[in-house]
Amino acid sequence: MSNSEVMEKIISLCKRRGFIFPGSEIYSGVGGIYDYGPLGVELKNNLKKEWWRNMVWEREEIVGLDSAIIMNRRVWEASGHVAAFTDPLVECRRCHQRFREDELPKLPIEKKEKMIDETKEKKSKQELLYIERAEVFCPNCHSPINLNIDEPRQFNLLMKTQLGVLEDEKNETFLRGETCQGIYVNFINILNSMRTKIPFGIAQIGKAFRNEITPGNFTFRMREFEQMEMQYFIKPEAKIAEKWFSFWKKERMDWYLSLGFSKEKLRFREHAPDERAHYAKAAFDIEYSAPFGWKEFEGIHNRGDWDLSRHSQFSGKDLTYFDEESHTKFTPWIIETSAGADRSTLFFLIDAYDEETVGKEKRVVLRLHPKIAPIKAAIFPLVKNVKLVKIAQKIAADLKSKWPIFYDESGSIGRRYRRQDEVGTPFGITVDFDSLEDKKVTVRNRDSLKQERVNVLEIKDYLENKIEAR
Ligand code: GAP
């Protein structure tokens, strides 16, 4: 299967089986915006829940937060995003669309000559000069672009919004471009209310917005997306920062592996100094070998004291920490782990996708870890027999209070299994005529295809052991 075929299959499966839909589809969509369907929302919620469990519940020194998407405009001036959160773009003189320089197609000589001839007829000297030195052309309106004159300019990625009814500048602010700024502005509130002692962390999951110029690769680069970020506040010393940086790199990689990612498809990539974001002293990405190349889906950054110092400077508030042990005051440094909920959902889907032949039949199977699979078990009466249906429906009702369960009594049993394999349901439970006698059901494992007889009364514990196993 070629790489583009894999993506086509994933996108089609996502649409067909209710994982991910293009946003506002009946109006021809909006670039870079997607909606999660019934199975997609379960998958993404499971991922977020597991992250929260791992980062907040299971750690003594990390607390959670849910800060607002809209903040005071000054937050974004202090954070450096108003000045530095930019992409260099070239603007077409004719249609005013903007493109990255490397996206502009080369202008073929014949095309250029034809344009020069046409321009000569119009006798515009300036235009002629412009075209003569043009090397590329606009992918939208096909006009020539002369990069010596129209050099790339910086365009900001923050998404503007208006507060209040008066559309003057005072009311203009931004939808947050990263969730962590809400954490920094609450640093003192958390210190005072939770009596946290350094080192400690604050974790948050939420939406972020960026006016990405070239959204694409399905949900890889979106304009509205979700981040799972944790900011770890430490003493301002390079050695201590190095220790925590290594610690968090390992913790984060181990977490992805514990949820079943293929090890050989994950790697770290260090950012070169000129590649780092304006706030970072050190940066490593966790990358996945996607069908469209090795791509980042989490960043681990040493942000030093950039954020707290800047917010202190811009707000005029003291954001230092008093260390009772050493009786000193300092501005903590921050080690950040910043994961994308949408990118990891996409990469979990790609990594789990498999096709195989069983007997003579081809099956598509999503080998999702049971903890993140959208539906945990499907319950089937072997045939539509009143007695079998009654038992199967009772089992389904019983399990539904704990997990998302799917009950299905239509079609052949083989077809019912295959429909569940395709959406990653780890267990298929079938009630057959023997069940009436021995009070047992057959549990089929999605991956091994092994079948086990399990007592109806023990089915909940059985699933619990398999799904929640650590
Ligand atoms: N607070 C640091 C920060 O935001 P980032 O590298 O810009 O760092 C972190 O973003 C993560 O957020 C990325 O690794 C990615 O998973 C996700 N992300 C960023 N931009 C995204 C976009 N346009 N679409 C989807 N996910 C995005």
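Biologist: Where does the ligand sit?
Modeller: In this predicted model, the ligand sits in the largest pocket.

Biologist: And which residues come nearest to the ligand?
Modeller: There are 20 residues around the ligand, and of these Glu178, Met222, Glu229, Glu296 and Glu336 come nearest.

Biologist: How do the residues of that shell divide into nonpolar, polar and charged?
Modeller: Ten residues of the shell are charged, while six are nonpolar and four are polar.

Biologist: Which strands supply at least two residues of the shell?
Modeller: Those are β12 (224–234), β15 (293–304) and β18 (333–340), and the largest share, five residues, comes from β15.

Biologist: OK, polar contacts now. What lies 2.8 Å from a nitrogen atom of the ligand?
Modeller: That is a backbone N or O atom of Met222. A nitrogen atom of the ligand is also 2.9 Å from an N or O atom in the side chain of Glu212, and an oxygen atom of the ligand has a backbone N or O atom of Gly340 at 3.1 Å.

Biologist: How much of the ligand's accessible area does the protein cover?
Modeller: The ligand has 560 Å² of accessible area on its own, and the protein covers 93% of that.

Biologist: Changing topic, where does UniProt place the "binding site" feature?
Modeller: The unreviewed UniProt entry places that feature at Arg100, Glu178, Phe225, Glu226, Gln227, Met228, Glu229, Glu336, Thr337, Ser338, Ala339 and Gly340. These positions span 241 residues in sequence and the farthest two C-alpha atoms are 28.8 Å apart, so they do not all gather at one spot.

Biologist: Which of this set are in the lining of the largest pocket?
Modeller: The lining takes in Arg100, Glu178, Phe225, Glu226, Gln227, Glu229, Glu336, Ser338, Ala339 and Gly340; Phe225, for its part, is found in strand β12.

Terms used
Residues numbered from 1 in each chain as written. Predicted model: local features only at pLDDT ≥ 70, side-chain atom pairs only at ≥ 80, totals over all residues. Heavy atoms only, no water. Near = heavy atom within 4 Å. Polar contact = N/O pair within 3.5 Å; in protein donor to acceptor, adjacent residues only side chain to side chain. Areas by Shrake-Rupley, 256 points an atom, 1.4 Å probe, with all protein chains shown as cover. 1 Å grid on protein atoms, 1.4 Å probe; cavity = no way out; pocket = protein on both sides within 12 Å on 5 of 7 lines; lining within 4 Å. Sits in = over half its atoms within 2 Å of the grid points. Helix = DSSP H or I, 4+ residues; strand = E, 2+ residues; numbered from the N terminus. Nonpolar A, V, L, I, M, F, W, Y, C, P; charged D, E, K, R; others polar. UniProt positions renumbered as here; feature names shortened; annotations may be inferred.
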